[in-house]
Amino acid sequence: MIDSSKIIEKLEKGLMTFSEEPRMQSVGKIEKNTDGIIVVSGLYKAQMGEEVIFEDGTQGMVLNLDEDYVSVALLSGGESLREGATVKTTGRMISINASADLLGRIINPLGEPLDGKAKIKQGEQMPIEKIAAGVVEREPVNTPLKTGIKAIDAMIPIGRGQRELIIGDRGLGKTAIAVDTIINQKQNKKPVICIYVAIGQKQSSIAQVADKLQELGAMGYSIVVAAGASDPASLQYLAPYAGTAIAEYFLKKGEDVLIVYDDLTKHAWAYRQISLVLRRPAGREAYPGDIFYLHSRLLERAVKLNSKNGGGSITALPIIETQANDISAYIPTNVISITDGQIYLQSDLFNSGIRPAINVGNSVSRVGGSAQTGAMKSVAGKTRLELAQYAELAAFAQFGSDLDAATLAQLERGKRTTEILKQPQYKPLPEPLEILSIFAVTNGLLDDVPLEDFHKFEQECHAYITKNYKKIIEELSTGQKITEAVGKEIKEATEKFKKTFLV
Amino acid sequence: MTKKQIDKLTLASYKGNKLNIKKIYKITSGISRRDLKMYIYALKNWERKHNVEIIIPDEKYKRNLNLAMIKRIFPEKEIKYSIDSTLTTGVKIINQDMVYDFNLKDTLEDIVEHIRAQYD
């Protein structure tokens, strides 16, 4: 609501200052419009990345400064723009309005609401482009960011402030992992603020994700920044930076933020499109020369600040879509080299029913291990090795049937480990339950449970232990390394449940 | 034709500080359509560089202006006047791509824009 006395006050103030200083503006004229890139003459004082306003109110962003011309990317339709129309500089670098009001909202990269709800109140203007925090302000990754996905939390742990790439072909569950991670954050006492940036996606896909987050109660601490496939390439280009700018607003307040870029392949496409229209020299696969910098400067803004600087963090989960499992293509290799590890999803695994279809051999977390809790570390240490051995043995076992007992046992264990790591979508598990499952399988407690009953057994066992052995859950929740006594208790509880289950 | 050549033609089109119609006829009769476009653009640019436009609400307002001071601010530039009654009071000065608003209309526009931004 506008307070009328305030308006009058401002009008009076404006009139009083009327004769004091003139308003100075740099004004240019549209020379031509090529696919959303406007060539403007004049604007001699324009800066790179500056926001400009066209005659009809359309916003633009300065992307090229030439001797006589300035190239401006349109940030919305601009259908009514014609040659000769005026363009004004604003003196502002392109920025986004960030405030706590954004939580639960779906916005575009300019901060305009897309969910049909009320306008977002004026908060702080956060610059879309910003130099990442320096070495002095940072500290090593030391707090886990739990995804609720057993395979990830056990073998490819992610820490707060880490950049973990999710890579794989289309339809293998990359977004599912990201969405599950967002959903899982509600299990924290103070939920990590989640920002889902949709770049170049179908509006229906974006709506689906937003609906799911709403349905599962995750929207309260989440923000969706959407630049769909039908939005201008300039908006798609800005989307991940806008998401990061919002994340930095919360970071300043000492909060932990998780940001998902879904996906950076389409972001690279959008930037390629802009660069080609801007007539920048094309390089490999027609991408411009600064395509690496495009992603490195974005992901460098993921950070874990030290306590002197508020102690907040931004964890980035960029997503890259590969073609035919080729992770050695241009953009995938770029982003792999920038991030602190990758979760590689493989179509063969997906088709053989292993979901999430994580290829453990090619997936890695370079810094997350130090953030893993003692409890998880103590049970998951063996899992990765066992799975690698199983994969190797399974390949050889196909050639012959005469296998010794030890090999057969190892194969059986491998099958069970693979089975326990399967997990349905939208069902992230709290860490104590993840530990219970992994502990049970690595200690051979599930060796006599038939594979087809595995998931039923797991679910019921979790319910049984949560109900009857609260102490175990409490013990595991502390994150401390599992003591012999606790291990014994878990074994006892599992055996007890097994007796009732197998009867 | 290169940009430098066009620039030379532009300079050659002036006699003193005024455009020379004879020279212009001579130049334009011998150049291609594409070069003609560039030539016109260069002429416009030259004019912009060497002229300052002062917009006032009405003819009477000219008396209130401190012409000597304006000339001091923009030496070696020709000052041209035009009238725009919507300014209400005050003056607008256009020097190349820089626009100096010193009038009620733009101040009010500023205030409205500010209020809109604050109270969305």
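**Chain B in close-up**

Chain B holds 5 helices and 6 strands; these are DSSP runs numbered from the N terminus, with helices being H or I of at least four residues and strands E of at least two. This is a predicted model, in which local features need pLDDT of at least 70, side-chain atom pairs count only at pLDDT 80 or more, and totals for chains, interfaces and linings use all residues. Residues are numbered from 1 along each chain as its sequence is written, while chains are lettered from A and ligands numbered from 1 in the order in which they are written.

**View 1. The order of elements in chain B.** Starting at the N terminus, we meet α-β-β-α-α-β-α-β-β-β-α. The radius of gyration of chain B, taken over C-alpha atoms, is 19 Å, well over the 14 Å of the globule rule (2.2 Å times the number of residues to the power 0.38) for 120 residues, so chain B is more spread out than a compact globule.

**View 2. Helix 1 of chain B against helix 3 of chain B.** Helix 1 (residues 3-12) and helix 3 (residues 33-50) of chain B pack at about 55 degrees, their axes 9 Å apart. That makes helix 1 oblique to helix 3 in chain B (neither under 35 degrees, nor over 145, nor 65 to 115).

**View 3. Residues where the two helices meet.** From helix 1 of chain B come Ile6(B), Asp7(B), Leu9(B) and Thr10(B). In helix 3 of chain B they meet residues including Tyr39(B) and Trp46(B), contact meaning C-beta atoms, placed from the backbone, within 7 Å.

Key. Axes fitted to C-alpha atoms, helices over the stretch in contact; angles between N-to-C directions.
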